[in-house]
Amino acid sequence: MVIKGSMRAALLGGLMACATLAYAAVRDSVMFTNVTPTQTSNYAAGTIRLHTFTSTGYTLGRITFGGNLQEINGTTNDFGTDNKVRVTFPDGRFKDVQLSSVAGYTGVLNFNGAFFLAAGSVPPFGGDWTFAFINSFDDAPTGGTPDVRINSITFNLTDELPTPPSSTNLGTIGSPGSIGNSTVLSAGQVGWFQFRVGEATTGSKYFDIDTEGTTGFIGVGTPNDTVIALFNEFGELIALDDDDGSDSRSQLTFGPSAGSRAGFGNGLVYNGRDGTLQAGITYYLVVCGFAGTFTDGFNAASDSQLAGPVFLNFRTNVIPPTMVSGEVELQDLATVPTGRLVTIEVRPAGSTVPVATAVVALTVSGNYSASLGMVLAPGSYDVTAKGAHWLRGKVASVAFTSAGATGVDFSLLNGDCDGDNEVAIGDYSLLSSSFGDCLGDPGYDALADLNGDDCVDIGDFAILSANFGLLGED
Ligand SMILES: [Ca+2]
Ligand SMILES: [Ca+2]
Ligand SMILES: [Ca+2]
Ligand SMILES: [Ca+2]
């Protein structure tokens, strides 16, 4: 089917409206009544309601809403789709939500839906949420007066985080140029991939995905008629495309400030129109034959009768996140360091304020490899490492390229039971109160088991004594 870019948004809206969603427990909610949205398309000028959610003890998942609104001031031309709210989380993240996918209606309109915002957050959320209500088109016959009043609207915070599908993990995609992958699909099959991007597609950075090169995906229907859709790690459908590529092939393009790149054949130009991708988020891409249906919650299905190989291409100028690696010796540890956690900080040379922090698990031989989750500006940095009861070590003035630095090795002094980065009386107290206890005993404290032999005894005391009075690096 041929639906080029302009139809894409309408298709997305229609499919999302068909979503059938299962919700987990409602953990908190708020109801607003008698809200008259401002006649504007500018959320900043919207009608504001504030609310602080107070329930705790859960992880924020899907947010559902429902209510009804009513035409006022003699309006008989309002569209449900005019009614929107910008919901802003206390840290500034926001989501623009259309209350209804219904077009024209008369009188009262019931609406409901769901979205994700700041999913994965754990309350308290740190302040007010802001709800900015607008009606984006001022309908006749009463232009200049509000078209509608929201009689009531309730937002429910649920703990529903959908389970990601099993998928081929492409890792962090960040090599300049084009990376191809192929998958063989049978009729009606959907193929899932997961990936991260090395950098956000802001500024000059772009990230394009397409199915160009697919030639043998055939059967009943238009040959090579692929559909692709992209979800974020919270199961939110963020983009989909059917035919923006050449012929019936598909194309998604991210990075709206990066200019444009030529399309293939009669496919659209790549211009970033699908939005912005973020670093540090796992994305899930699904590919299938036309027609595909996709809804929030990682739901994807295809009724296609096409089968064969589908090519997926990732074309980007983002680069991978900066990595730092090396070896950490945990002094006086009597066992292998496998899985021991070490906090790595990267700081501008001479500073104690990290620009990036990573917690890494050591390998059996004490090696670590930390992704900084961002692309660091090349230069000279101090790198520090701190283990649970080991003092912080520092390697000063490490030369970083944007790819990172290797061979950044540490040997960390043992004895800091209380983690305050010095071996002192507080550590002695902890060790004393656990003395004689072994793993499984109520009094056993792993932070006092300095040599890791599962008992707190004279061996640990000897380590503490030998290092007593020492300080870690700032
Ligand atoms: Ca209106
Ligand atoms: Ca297609
Ligand atoms: Ca200490
Ligand atoms: Ca011990």
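Two residues count as in contact here if their C-beta atoms, placed from the backbone, lie within 7 Å. By that yardstick, and setting aside neighbours within four places in sequence, Val287 touches Thr183, Gly191, Thr211, Thr226, Ile228, Val310 and Leu312. Everything below rests on a predicted model, in which local features need pLDDT of at least 70, side-chain atom pairs count only at pLDDT 80 or more, and totals for chains, interfaces and linings use all residues. Residues are numbered from 1 along each chain as its sequence is written, while chains are lettered from A and ligands numbered from 1 in the order in which they are written.

As for confidence, pLDDT is the predictor's own score for each residue, from 0 to 100. The chain averages 92, and 94% of its residues reach 70 or more. Residues 1-23 are another matter, with pLDDT below 50; this stretch still has 36 contacts in the model beyond near neighbours in sequence. The domain assignment (bounds from an automatic or database source) splits the chain into domain 1 (23-158), domain 2 (164-316) and domain 3 (323-467). Between the C-alpha centres of domain 2 and domain 3 there are 41 Å.

Back to Val287, which is among the best-connected members of the largest nonpolar core, along with Ile228, Ala229, Leu230, Phe231, Leu285 and Val286. A nonpolar core is a set of buried Ala, Val, Leu, Ile, Met, Phe, Trp, Tyr and Cys residues joined through C-beta atoms within 7 Å. Buried means that 20 or more other C-beta atoms lie within 10 Å of a residue's own, exposed means 12 or fewer, and partly exposed falls in between, with C-beta atoms placed from the backbone. This core has 39 residues. Elements giving two or more of them are β12 (191-197), β13 (207-210), β15, β16 (237-241), β17 (251-254), β18 and β21 (305-316), and β18 gives the most, with six. The element names follow DSSP runs, numbered from the N terminus: helices are H or I of at least four residues, strands E of at least two. Apart from this core lies another, of 32 residues, including Val328, Val342, Tyr368 and Leu376.

Several loops have unusual backbone geometry. In the loop between β18 (283-289) and β19 (292-295) sits Ala291, and the peptide bond leading into Ala291 from Phe290 is cis, with omega near 0 degrees. Pro123 to Pro124 is also a cis bond, with omega near 5 degrees; Pro124 is in the loop between β7 (108-115) and β8 (129-135). Asn224, between β14 (218-220) and β15 (226-231), has a positive phi of about 60 degrees without being a glycine. Asn224 counts as buried because 25 C-beta neighbours lie inside 10 Å. Phe298, in the loop between β19 and β20 (299-302), likewise has a positive phi, near 60 degrees, and is buried, with 21 other C-beta atoms within 10 Å.

Further along, β26 (379-387) and β27 (393-400) run antiparallel and are joined by six bridges; strands pair if DSSP finds at least two bridges between them. Val383 has Val395 as its bridge partner in β27, and five residues separate the two strands of this hairpin.

Helix α2 (425-434) has Asp427, Leu430, Leu431 and Ser434 buried. They cover an arc of only 95 degrees around the axis, so they sit on the same side of α2; the arc is that of the directions from the helix axis to the C-beta atoms. Part of their cover comes from α3 (458-467). Just after α2, Gly436 takes a positive phi of about 90 degrees.
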